[in-house]
Amino acid sequence: MEIVNVSNLKKTYGSNHVLRGINFVAKSGEVIGVIGKNGAGKSTFLEILMTLKTYDKGNVILFGKELKSFSNQELEQARKDISAVLQPTQFYKTLKVIELLKLFKAYYKSSVDIEQIITDFKLGPYRKKYFDKLSGGWKQIISLAIAFLSEPKMLILDEPTTGLDPHMRNMLWQYISDYNQRTGRTVILTTHNMDEVELYCDKVMLLNDGVGEVFDTTEGILASGYKSIHEFYLNSVVI
């Protein structure tokens, strides 16, 4: 089932053409990496998928319907079906982890068992700690746990492992992969870590100055003669 189908997407800020033609399809159960240098348009693309920004030209079919034709009620429902973990992570500094989980469970009107989330994410030792006092890695893990509370059809991650040590990166990816495999939901992420793309992503979209120049499976990219996704990136990104 297609979750998102984007064709010839364009977005302009005055004379700045941020997105100049993107074609993209995400299906249920896929993990898709969106890569490109800083300023290539990755964040703007994700913000459009999250319905946070409008677009000028092209089509965005979200959950089977053109985004611009959504009613207010349909838009509200679509936003409930999308969760995002963005950079930098910021939550209420004076709340403990358990208080944050309860707050967002109520906000999402979620049926997810908080105790199960605490068990799944190994948050037991941290449940009564203040979020602001945690390491960057555990903040990111908890942000992911909160995103899961809404049981989203589409999970969007903006550079989720930036600044994390290898152990915390591995933990985060274990949770993402388990969620994807267990639920068959869609994960779309940006990252500058090409090793992660090669290990965990089903498909890759390369953005160069707002243009989606490559959209293929990781296997397809490697089969075209590259030894790694890292080599593909270095040879394909316009500096």
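A residue counts as buried when its relative accessible area is under 20%, as exposed when it is over 50%, and as partly exposed in between. Those cut-offs are used at several stops below. The model on screen is predicted.

**Whole chain**

Start with the whole protein chain in cartoon view. It has nine helices and 10 strands. Its radius of gyration is 18 Å, close to the 18 Å that the globule rule gives for 239 residues, so the chain is as compact as a globular protein of that length. Aligned along the principal axes, the C-alpha atoms fill a box of roughly 45 × 45 × 35 Å. Colour by accessibility next: 48% of the 239 residues count as buried.

**The N-terminal end**

Select M1, in the segment before β1. With a relative accessibility of 69%, M1 counts as exposed. Add E213 to the selection and draw a distance between the two C-alpha atoms. M1 and E213 are 212 residues apart along the chain, and their C-alpha atoms are separated by 24 Å.

Move on to N8, which lies in strand β1, residues 2–13. Most residues other than glycine have a negative phi. N8 departs from that sign, with a positive phi near 50°. Its relative accessible area is 41%, so N8 is partly exposed.

**Helix α1 and the residue after it**

Select α1, residues 42–49. Is this helix enclosed or open to the outside? Six of its eight residues are buried, so α1 is largely enclosed by the rest of the structure. To show them, pick K42, T44, F45, L46, I48 and L49.

Just after α1 comes T51, in the loop that runs to β4 (57–62). The phi of T51 is near 65°, again a positive value in a residue other than glycine. Because its relative accessible area is 9%, under the 20% cut-off, T51 is buried.

**Two lysines over rings**

Show side chains for Y55 and K68. K68 lies over the face of Y55, at 4.5 Å from the ring centre. Then select F63 and K153. Here the charged end of K153 sits over the ring of F63, 5.4 Å from the ring centre.

**An aromatic pair in helix α3**

Turn on all Phe, Tyr and Trp side chains. How many aromatic pairs are there? The count comes to 11. One to examine is F104 with Y107: the ring centres are 6.5 Å apart and the planes meet at 75°, so the pair is edge-to-face. The angle cut-off for that label is over 60 degrees.

Both residues belong to helix α3 (residues 97–108); being three residues apart, F104 and Y107 are separated by about one helical turn. An α-helix has 3.6 residues a turn, so residues three or four places apart point the same way. Burial separates the two residues, however. F104 has a relative accessibility of 15% and counts as buried, while Y107 is exposed at 63%.

**From V112 to the aromatic cluster**

Follow the chain out of α3 and select V112, in the loop between α3 and α4. V112 is buried, with a relative accessible area of 17%. Add F148 and compare sequence with space: V112 and F148 are 36 residues apart in sequence, and their C-alpha atoms are 8.6 Å apart.

Keep F148 selected and add F121, Y175 and Y179. Ring pairs link F121, F148, Y175 and Y179 into a cluster.

**The second largest pocket**

Two members of that cluster, F148 and Y179, take you to the last stop. They are among the residues that lie nearest the centre of the second largest pocket, together with I117, D120 and R182. The pocket has a volume of about 250 Å³ and is lined by 15 residues.

Which helix gives the most to this lining? Select α6 (166–183): it contributes six residues. Helix α4 (114–120) is also present, since α4 and α6 each supply at least two residues of the lining. Finally, colour the lining by residue class. The lining divides into six nonpolar, three polar and six charged residues.

Notes:
Residues are numbered from 1 along each chain as its sequence is written. This is a predicted model: local features need pLDDT of at least 70, side-chain atom pairs count only at pLDDT 80 or more; totals for chains, interfaces and linings use all residues. Side-chain values use heavy atoms; hydrogens and water are left out. Rings of Phe, Tyr and Trp (its six-membered ring) pair if their centres lie within 6.5 Å; planes under 30 degrees apart count as stacked, over 60 as edge-to-face and the rest as tilted. Helices (H or I, at least four residues) and strands (E, at least two) are DSSP runs, numbered from the N terminus. Buried means under 20% relative accessible area, exposed over 50%, partly exposed in between (1.4 Å probe, protein chains only). A charge sits over a ring if NZ of Lys or CZ of Arg is within 6 Å of the ring centre and within 35 degrees of the ring normal. On a 1 Å grid over the protein atoms alone, a cavity is a set of points where a 1.4 Å probe fits but cannot get out, and a pocket is an open set with protein on both sides within 12 Å along at least five of seven lines; lining residues have an atom within 4 Å of a point. Grid points are joined across faces, edges and corners, and a volume is the space filled by probe spheres set on the points. Ala, Val, Leu, Ile, Met, Phe, Trp, Tyr, Cys and Pro count as nonpolar, Asp, Glu, Lys and Arg as charged, and the others, Gly among them, as polar. The radius of gyration is taken over C-alpha atoms; the globule rule is 2.2 Å times the number of residues to the power 0.38.
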